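Hello,

I am passing a structure on to you, and I hope you enjoy looking through it. Please have it open while you read the notes below.

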Amino acid sequence: MKYQDPADVVLRSPRYSGPESPDQYHARIRTLLEKRKDQVLYQLDDPSLTPPRRDSLVAQYRQIKADIESIRLDARESLCAELERKYA
């Protein structure tokens, strides 16, 4: 029997727990989009925004909302991968 030094034992589980299920993947992408939406809303609260910057943020907000809705309606892997590339 091979001797194992107690100092070599990992006391916590590894970070990688295997491949994500489709539900976990969709939830992770949705969370990413929700965080980005919150960042845009926070920026819109700034009273010193110029009108062009405000318009740009409003357009970003509308696009993010549309992307969140597209995940709800059609949660294909290819769509999620495209959104992950877009917002990550």
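Here is what was found, starting with how the values were made.

This is a predicted model, where local features need pLDDT of at least 70, side-chain atom pairs count only at pLDDT 80 or more, and totals for chains, interfaces and linings use all residues. Residues are numbered from 1 along each chain as its sequence is written, and side-chain values use heavy atoms, with hydrogens and water left out.

A good place to begin is helix α3, residues 77-87, where L79, C80, L83 and Y87 are buried. Helices here are DSSP runs of H or I with at least four residues, numbered from the N terminus; buried means under 20% relative accessible area, exposed over 50%, and partly exposed in between (1.4 Å probe, protein chains only). Seen down the axis of α3, its buried residues fall within an arc of 95° (taken from the directions from the axis to the C-beta atoms), so they line one face of the helix. Their cover includes α1 (22-44) and α2 (51-73), counting as contact heavy atoms within 4.5 Å.

L83 touches I29, L33, D67, S70 and I71, leaving aside residues up to four places away in sequence.

Next, the largest nonpolar core (buried Ala, Val, Leu, Ile, Met, Phe, Trp, Tyr and Cys residues joined through side-chain atoms within 4.5 Å) has 14 residues, and I29, L33 and L83 have the most contacts inside it. At least two residues of this core come from each of α1, α2 and α3, and α1 gives the most, with five.

Best wishes
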